[in-house]
Amino acid sequence: MNKANSLRRALTAAVPALATDPDKLLVFIDAGNIIATSAQSTSFDYAYTLNVMLLDFAGDGDIVFAALLQWVRANQSDLLTNDELRKAGISFEADQLTQTTVDLSIKLKLTESVLVTTDDAGVQKITHVDEPVPEWDVQGLVDPSRWTN
């Protein structure tokens, strides 16, 4: 599952405090499912909830969510374009620790497609399929390599 590390990199780039203290950013994969069919192909999808926790966070939450949404646009755009997923695909909780710090938990409902092919020699190749480019980004306006604020 590649999206967990990708989102970790995006948030670390956007929030300098996470780069200096990476132990304050935790990433968990919860409630995972494998979606497959009985077709001859062994390709499948991962479906899971990614739980991202920022511990003892004293920064600006707007920066976190702006970076998160930029990442979502490039990596799971259906969370923004699908009416049902927009309502529940991204959720969060915050526990106020002090006057200036919170533990922030963000949950995202993610999927990843995995293509499994076998060549003539019987060697299996496993490839993670890139997300489709959203209709509103056909000109490549969202640059996933730009994660700074």
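In what sense do strand 4 and strand 5 pair, and over how many bridges? A few friendly notes on this predicted model follow, starting with that one.

1. The pairing of strand 4 with strand 5 (residues 124-128) is antiparallel and runs over five bridges. Within it, His 128 of strand 5 has Val 114 standing opposite. The two strands make a hairpin, with five residues between them. If you check backbone angles, look at Gly 122 in the turn, where phi is positive at about 85°.

2. Strand 4 also holds Ser 105. Its relative accessible area is 13%, so Ser 105 counts as buried, the cut-off being under 20%. The side chain of Ser 105 makes a polar contact of 2.9 Å with the side chain of Asn 51. Leaving aside residues up to four places away in sequence, Ser 105 touches Asn 51, Val 52 and Met 53, and also Ser 91, Phe 92 and Glu 93.

3. Next, the largest pocket, which holds about 230 Å³ of space. Its lining consists of Asn 2, Lys 3, Ser 6, Ala 74, Asn 75, Glu 112, Ser 113, His 128, Val 129, Asp 130 and Glu 131. Two or more of these residues come from each of helix 1 (3-14), helix 3 (61-75) and strand 4 (102-118).

4. For anyone thinking about the chemistry of that lining, five of its residues are polar, four are charged and two are nonpolar. His 128 links this point to the first: this residue lines the largest pocket and stands opposite Val 114 in the strand pairing.

Conventions. Residues numbered from 1 in each chain as written. Predicted model: local features only at pLDDT ≥ 70, side-chain atom pairs only at ≥ 80, totals over all residues. Heavy atoms only, no water. 1 Å grid on protein atoms, 1.4 Å probe; cavity = no way out; pocket = protein on both sides within 12 Å on 5 of 7 lines; lining within 4 Å. Points joined across faces, edges and corners; volume = space filled by probe spheres on them. Helix = DSSP H or I, 4+ residues; strand = E, 2+ residues; numbered from the N terminus. Nonpolar A, V, L, I, M, F, W, Y, C, P; charged D, E, K, R; others polar. Pairing = 2+ DSSP bridges. Buried < 20%, exposed > 50% of the residue type's maximum accessible area, 1.4 Å probe, protein only. Polar contact = N/O pair within 3.5 Å; in protein donor to acceptor, adjacent residues only side chain to side chain. Contact = heavy atoms within 4.5 Å.
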